[in-house]
Every structure is written in C-alpha cells, then in structure tokens.
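Me: I am new to this structure. Can you show me how to read its empty spaces and its ligand site?

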Amino acid sequence: MNIILLGPPGAGKGTQAKRLEERYGLVQLATGDMLRAERASGSDLGKKVQAIMDAGRLVSDDIMIDLIASRIGKAGKGFILDGFPRTVPQAEALDAMLAQKGLKLDRVIEISVDEAALIDRLAGRFTCVKCGASYHDINNRPKHEGVCDVCGSKEFLRRADDKPEAVKTRFEAYRAQTAPILPYYRDKGILTQVDGMADIDHVTRQISGVMDKIRG
Ligand code: AP5
C-alpha cells in the first residue's frame, strides 16, 4: 500500500506516519527528516538547504525529487510519504517515478486543520533527536518523562523553523505552492480528507479506517 499524508505545517503528518508505519508494515518517507539528517551529517546538501529551511521556505524541486527518487520503491510493503510532494512539479515527478517502477498511489490523505490552532501546536512541539518522533508540551508528552516512546532516546530538540516568523512563511508556502496539489489528486479520484482537529488517537482511527479499506 502506498499513501501520501498531506496537510499544512503542524497538521500531524509526522505524528500519524510514525503510528501507522509499524501497524501496516510500511516505511515512512519524510522529506523534512531526510533534510534534517543531511544537515546533522554536515553534508554539502545539508549546508545548502540550512538557511532555506530555517527561514521556512521550500527547497528546490530538483533537490527534493532526487532525494525521494533514491528511496521510493525500496520499501517492502509500501510507503507513507510525509512532506512530499509539496508542489505540482513534485507530484508529477512522483507519478513518473511510480509508473517507471510499476507502482501506484493508493490514497492521498489530507489532514484538514484550522491554521490558527497550528501556531500553538508548533510552538509547543519538541522532537526526538534520534528517530524524529514528534511530541508536544501539552497535547502529546512522552509516556515516560524525558524518554522517547518510539526509540528510547533521551535527547530532544526544538526546530528553528517553529519560530513565529518562519511559521508564517511556511503557511504562506503551503497555501501558494502545496495546496494547489489537492485538486491534482482530487481529479484523479484518490483524495480523502480527514478531520485533523480531532485528538491524535481519533485522527489515527480515521486514517486507519481509510487504510483498512484499501487493504481489504
Ligand atoms: P517538514 O519537516 O516536512 O515540515 P512541515 O510539513 O512543515 O510539517 P511539520 O513536520 O512541521 O508538521 P507535521 O504535520 O508533521 O506535524 P507533527 O506531527 O510534527 O519540512 C520542513 C522543511 O523542509 C520545509 O519547510 C522545507 O524547507 C523543507 N522541505 C521538506 N520537504 C520538502 C519538499 N517536498 N519540497 C520542498 N521543501 C521541503 O505535529 C505538530 C505538533 O502538533 C506536535 O507537537 C504534535 O505532538 C502535535 N499534534 C499532532 N497532531 C495533533 C492533534 N491531532 N491534536 C493536537 N496536537 C497534535
């Protein structure tokens, strides 16, 4: 099964992908996490994208398409794309990649949210340094204080692009560059919307309902 989770910054894409990948035996392909790993490694790519990401702007399509092309289709039972595609050219490139590998997209799930609520979500977010799992100061604390539920790491960080100025730019980028891909998938008849304003467990149940139907 191959699915895309779509939604604005803070919609809960990463939170949900982490929960669903184990349950369905899928691999999460999170382009934001890949770029942050490049930065942490000090690679040329990491250095190139650092300022763009911290300002909340989108990295160029060429870089992103190359990054995902090397990973797509390597996952056993399928993938959950989180953060890609983010522009119409990326969506078109993804279609071409999948066609070349004889794969298809089963569903694009839009996590629909009220932008105003996302400011608080991003301001309170902290992330596991090791596995990227996302937590929140109020809504989603680790089960054991200071220990990541997913990998047991005790190190967390707050993202530079969660500062208010960068958040504003990220929302603008979503509205101008990413939202136009919703009609692209709606026209193909594979877009499903879920209510991302519900609590985290309820959002998981909604997405699982969609995925269970695909699995049959
Ligand atoms: P990326 O890392 O993909 O960031 P994003 O899309 O802005 O999404 P986030 O990770 O901020 O949010 P999320 O939806 O995963 O929410 P989360 O689950 O963490 O990209 C970062 C940057 O990389 C981009 O700005 C760009 O520069 C670059 N980039 C990446 N991909 C690119 C591409 N394809 N093209 C070009 N550039 C690219 O949840 C947020 C918080 O809310 C957490 O604290 C969580 O605990 C909490 N929460 C989650 N769900 C709920 C809920 N239902 N109720 C209450 N709280 C909740």
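Me: What volume does the second largest pocket have?

Reply: Keep in mind that this is a predicted model. Rolling a probe the size of a water molecule over the atoms shows where empty space is left. Here, the second largest pocket comes to about 380 Å³.

Me: Which residues that line the second largest pocket are the closest to its centre?

Reply: The lining has 13 residues. K18, R19, K143, D149 and V150 are the closest to the centre.

Me: Which element gives the largest share of that lining?

Reply: That is α1, with 5 residues. Both α1 and β6 supply at least two residues each.

Me: How do the residues of this lining divide into nonpolar, polar and charged?

Reply: Sort them by class. In the lining of the second largest pocket, 7 residues are charged, 3 are polar and 3 are nonpolar.

Me: Now the closed spaces. How many cavities of 30 Å³ or more does the structure hold?

Reply: A pocket is open, whereas in a cavity the probe fits but cannot get out. The structure holds 1 cavity of 30 Å³ or more. The largest cavity has about 50 Å³ of space.

Me: Which residues line the largest cavity?

Reply: Read along the chain. The lining consists of L5, L6, G7, K13, G83, F84, P85, R86, Y174 and T178. Two elements, β1 (3-6) and α7 (164-178), give two or more residues to it. By class, the lining of the largest cavity has 5 nonpolar, 3 polar and 2 charged residues.

Me: On to the ligand. How many residues surround it?

Reply: The shell around the ligand has 37 residues. T15, R57, R86, Y135 and R170 are the closest. R86 also appears in the lining of the largest cavity.

Me: Which side chains have polar atoms facing an oxygen atom of the ligand, and at what distance?

Reply: Look for pairs of N or O atoms within 3.5 Å. A polar side-chain atom of S134 lies 2.7 Å from a ligand oxygen. For K13 the distance to an oxygen atom of the ligand is 2.8 Å. In R159, a side-chain N or O atom is 3.1 Å from a ligand oxygen.

Me: How much of the ligand does the protein bury?

Reply: Start from the ligand taken alone, which exposes 1000 Å². The protein buries 96% of that.

Me: Which elements give two or more residues to the shell around the ligand?

Reply: They are α1 (13-24), α2 (31-41), α6 (115-123), β6 (134-136) and α9 (200-215). The largest share, 4 residues, comes from α2. By class, the shell has 14 nonpolar, 13 polar and 10 charged residues.

Methods:
Residues are numbered from 1 along each chain as its sequence is written. This is a predicted model: local features need pLDDT of at least 70, side-chain atom pairs count only at pLDDT 80 or more; totals for chains, interfaces and linings use all residues. Side-chain values use heavy atoms; hydrogens and water are left out. A residue is near a molecule or strand if one of its heavy atoms lies within 4 Å of it. A polar contact is a pair of N or O atoms within 3.5 Å; within protein, one must be able to donate a hydrogen and the other to accept it, and residues adjacent in sequence count only if both atoms are side-chain atoms. Accessible areas come from the Shrake-Rupley method with a 1.4 Å probe; for residues, only the protein chains shown count as cover. Ala, Val, Leu, Ile, Met, Phe, Trp, Tyr, Cys and Pro count as nonpolar, Asp, Glu, Lys and Arg as charged, and the others, Gly among them, as polar. On a 1 Å grid over the protein atoms alone, a cavity is a set of points where a 1.4 Å probe fits but cannot get out, and a pocket is an open set with protein on both sides within 12 Å along at least five of seven lines; lining residues have an atom within 4 Å of a point. Grid points are joined across faces, edges and corners, and a volume is the space filled by probe spheres set on the points.
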